[in-house]
Amino acid sequence: MNLIILYDRIRWEEKQIAEEAKALGATVTMIDVRSLPLEITSNSIKKEFDGVVLQRCVSHTRGIYYTAILEEHNVNVINSFFTTMITSNKLLTTLKLVKNNIPTPKTGVAFSYDAALKIAKDIGYPVVIKPILGSWGRLVNKARDQDELSSLLEARELFSDPLYQVYYLQEYVKRPPRDIRSIVVGDEIIAITYRYQPENDWRTNVARGGIVDKAYLSDDEHEIILRAAKTVGGGILGIDAMESDRGILIHEINGTVEFRGAASVWGNIIPRSIAEYAIKRAKN
Amino acid sequence: MAIKVMCQECGGTITIPDDAIVGEIVSCPDCGIDYEVSQINNGSIQLKIAEDIGEDWGE
């Protein structure tokens, strides 16, 4: 069985998955998407990707379009185009969560400065403003009042990319100083961690210094996480939730999950499960 | 034995891990610049300056 790992930057995670797949008897081919152009009108793409493909690009743009091309050419790609598309966009993810009755923080979207102030007032301060694309907590900011939000909006108005003027505003959930990252592979939750916010930051992203510890969820919370995974098309996912007085709220789903932090407490079960899942998918 | 490469930017010494693979990022411990391993051939290693982090990067 051939596992093809697509990448544009080899992180620790890609190396671990490759090693586990080799240990399970698979051959592993690493392909840098930056170096392999594809003639998308030809009929030979499926032959070029003989095996199961695990898309692990750090650039969401490359990941989305490479997945689209391969899937339309009937190549077996993990995650699917649908999952990749939805999870790379916070607005689309929230819409799917709401449609499927998955608890999520109160969220509004506005397409102008004035409309953003209006929806923020309706949500109530403090509010969190996030770019709809991007990751690692980048440009995720908290505004305690209208003055602070105005400053953030003025800064966003200067960005040339119009996506930054899609204002995605969310209630600031009163939660413990941590969130919960669940790594889902297929129909199973493989590992759950608390991510504690570091000193001097309210965000919990490991990329921003969040501190990881093992976590466990109740049966009901497990069910919510697995429903959330299904809602975005399933596959290999990192699902982030916050504890609130309304129970857990899902606030983000990651489609090319990083797990170095989680592996520091859960070990190699995560890359092993990902490799096993990919091998199983190749057989189906 | 780990291979050592000189940083093009500051002249510092970058130690390449034994298990390094093409596409992996290594950093200069002196100036912090990131390099990408672009080629490994019979124990010789080539580096290129790594891409800057994009706005669409993440997990």
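**Entry 1: a pair across two chains**

I began with the side chains of B:Glu36 and A:Arg34, which form a salt bridge with N and O 2.5 Å apart. I looked up where the partners sit: B:Glu36 belongs to strand 4 (residues 34-41) of chain B, and A:Arg34 to the loop between strand 2 (27-32) and helix 2 (45-48) of chain A, so the salt bridge joins two chains. I note that the model is a predicted one.

Next I checked accessibility for this pair. B:Glu36 has 4% relative accessibility and is buried, because the cut-off for buried is under 20%. A:Arg34 comes out at 29%, which makes this residue partly exposed.

**Entry 2: two pairs in chain A**

I then looked up A:Arg144 and A:Glu148, whose side chains form a salt bridge at 2.6 Å from N to O. Is A:Arg144 buried or exposed? I find A:Arg144 exposed, at a relative accessible area of 57%. A:Glu148 is partly exposed, with a value of 23%.

I also asked which salt bridges share partners. One network of such bridges joins A:Asp8, A:Asp32, A:Arg34, A:Arg62, B:Glu36 and B:Glu51. The pair from my opening entry, A:Arg34 and B:Glu36, is thus listed in this network.

The other pair I looked up is A:Glu14 with A:Arg11, a salt bridge whose closest N and O atoms lie 3.2 Å apart. Both A:Glu14 and A:Arg11 are buried. Over all chains I have a count of 21 salt bridges.

**Entry 3: chain A as a whole**

I turned to the fold of chain A and found 10 helices and 13 strands. The radius of gyration of chain A is 19 Å, close to the 19 Å from the globule rule for 284 residues, so the chain is as compact as a globular protein of that length. I read the extent of its C-alpha trace along the principal axes as about 55 × 45 × 35 Å.

How many of the 284 residues of chain A count as buried? The share is 56%. For contacts in chain A between residues at least 6 apart in sequence, I noted that 65% join residues at least 24 apart.

**Entry 4: surface and charge of chain A**

I recorded an accessible surface of about 12900 Å² for chain A, with 51% of this area belonging to carbon and sulfur atoms. Last, I looked up the charges: chain A has 36 positive and 36 negative ones. The mean positions of the two sets are 1 Å apart.

Key: Residues numbered from 1 in each chain as written. Chains lettered and ligands numbered in written order. Predicted model: local features only at pLDDT ≥ 70, side-chain atom pairs only at ≥ 80, totals over all residues. Heavy atoms only, no water. Salt bridge = Lys/Arg side-chain N within 4 Å of Asp/Glu carboxyl O. Buried < 20%, exposed > 50% of the residue type's maximum accessible area, 1.4 Å probe, protein only. Helix = DSSP H or I, 4+ residues; strand = E, 2+ residues; numbered from the N terminus. Rg over C-alpha atoms; globule rule 2.2 N^0.38 Å. Contact = heavy atoms within 4.5 Å. Areas by Shrake-Rupley, 256 points an atom, 1.4 Å probe, with all protein chains shown as cover. Lys, Arg positive; Asp, Glu negative; His and termini not counted. Charge placed at Lys NZ, Arg CZ, Asp CG, Glu CD.
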